[in-house]
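Here is a short tour of a protein model, taken at an easy pace. Keep the structure open beside the text and follow along.

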Amino acid sequence: MRFYKFIPLLLFIYTNIIFANNYEQEYKIEVLIYKNNLIETQETFQSLLDLPKEDTIKLYGNDDINNEYSNFSNISNFFISLLNGDDILKSYPKIWFREDRSIKTLNKLENKILNDKDLNLISSKSWIQTIPNYEDAKFLNHNDLDNKNAFYIKLYKKRFMHIHVISYIDDELNIYINEEKRIFDEKIYLFDHPYFGIVVSINEI
């Protein structure tokens with residue numbers, strides 16, 4: 001009798017795998033955030049970062065465990081439609097996230113940063129996602145309370161692929177990166193600030 005309780009869950013997982021593989025191409029994203037131990041600038045930063053006010057999707061983290069918007073919140077309507085027997089294509093999320101904790105493409109760079117006395121690795125994250133059109137894209141957000149940093153990353157297609165990276169460290173909204181650029185598959189990108197940097201790799205899977 002207990003087995004029947006798991007049928008909806010198994011059906012949900014199986015259907016998700018099928019649609020995730022056929023609905024849209026997925027990409028593996030890896031992120032490293034490091035801090036410069038040697039600051040070589042006398043520049044003072046007065047402007048403050050405006051954090052995204054739109055809805056975001058959160059990665060699991062120290063502050064995200066019980067957050068209702070964490071990780072798979074963007075497929076809640078799809079889950080409800082599946083259980084109700086509705087047309088699931090109408091509720092299928094435009095953007096699909098799933099967490100992947102392995103750092104592979106940036107593994108060597110991660111080790112170099114860890115062994116560099118002038119740098120301090122403060123965060124590393126990875127996940128798998130589809131990349132939607134600009135109109136459907138959302139920021140993926142992660143807050144690291146222990147290391148006092150946060151990032152918001154939005155990937156979208158607008159003829160070509162683009163990325164929008166927003167990040168700050170030390171809980172200081174005047175020490176931030178806010179940059180948008182065109183990107184290509186199987187490439188690594190650096191977003192640099194005198195105090196810290198973000199490295200992002202993107203690979204189609």
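Let us begin with one lysine. Lys 181 counts as partly exposed, at 21% relative accessibility. Please bear in mind that the model is a predicted one. The side chain of Lys 181 has company on two sides of the story. Glu 179 is its salt-bridge partner, with the closest N and O atoms 3.7 Å apart. Glu 179 likewise counts as partly exposed, at 30% relative accessibility. The charged end of Lys 181 also sits over the ring of Phe 191, 4.6 Å from the ring centre.

Now for the strands around this lysine. Lys 181 is the partner in β8 that bridges to Ile 163, and Glu 179, also in β8, stands opposite Val 165. Strand β7 covers residues 160-169 and strand β8 covers residues 176-182; the two run antiparallel and are joined by seven bridges. Six residues lie between the strands of this hairpin, and among them Asp 170 takes a positive phi near 55°.

Asp 170 is worth a second look, as its side chain meets that of Lys 35 in a salt bridge of 2.9 Å, N to O. This contact links distant parts of the chain: Lys 35 belongs to strand β1 and Asp 170 to the loop between β7 and β8, 135 residues apart. Lys 35 is partly exposed, with a relative accessible area of 25%, and Asp 170 is partly exposed too, at 27%.

Stepping back, which strands make up the sheet that holds this hairpin? It is an open sheet of five strands in the order β2-β5-β6-β7-β8, with mixed pairing. Because β2 (56-58) and β8 each have a single partner strand, they stand at the edges, and one side of each is left without a neighbour in the sheet. From one strand to the next, the twist averages 20°.

The salt bridges come to seven by count. Three of them are gathered here.

| Salt bridge | Closest N to O distance |
|---|---|
| Lys 35 and Asp 170 | 2.9 Å |
| Lys 117 and Asp 118 | 3.5 Å |
| Glu 179 and Lys 181 | 3.7 Å |

In the Lys 117 and Asp 118 pair, Lys 117 counts as exposed at 70% relative accessibility, whereas Asp 118 counts as partly exposed at 28%.

On to the aromatic side chains. How many aromatic pairs does the count come to? There are four. One of them is formed by Phe 45 and Tyr 195, edge-to-face, with 5.9 Å centre to centre and 75° between the planes. Phe 45 lies in the loop between β1 (26-36) and β2, while Tyr 195 lies in the loop between β9 (187-192) and β10 (196-204), 150 residues apart. Is Phe 45 buried or exposed? Phe 45 has a relative accessible area of 18%, so it is buried; Tyr 195, at 24%, is partly exposed.

Phe 139 and Tyr 152 form another edge-to-face pair, at 6.3 Å centre to centre and 90° between the planes. Phe 139 is in strand β5 (residues 139-144) and Tyr 152 in strand β6 (residues 149-158), 13 residues apart. Both rings are in buried residues: Phe 139 has a relative accessible area of 3%, and Tyr 152 has 9%.

One last ring to visit is that of Tyr 134, where Lys 158 lies over the face at 4.6 Å from the ring centre.

Technical notes
Residues numbered from 1 in each chain as written. Predicted model: local features only at pLDDT ≥ 70, side-chain atom pairs only at ≥ 80, totals over all residues. Heavy atoms only, no water. Pairing = 2+ DSSP bridges. Helix = DSSP H or I, 4+ residues; strand = E, 2+ residues; numbered from the N terminus. Axes fitted to C-alpha atoms, helices over the stretch in contact; angles between N-to-C directions. Phe/Tyr/Trp six-rings, centres within 6.5 Å; stacked < 30°, edge-to-face > 60°. Buried < 20%, exposed > 50% of the residue type's maximum accessible area, 1.4 Å probe, protein only. Lys NZ or Arg CZ within 6 Å of the ring centre and 35° of its normal. Salt bridge = Lys/Arg side-chain N within 4 Å of Asp/Glu carboxyl O.
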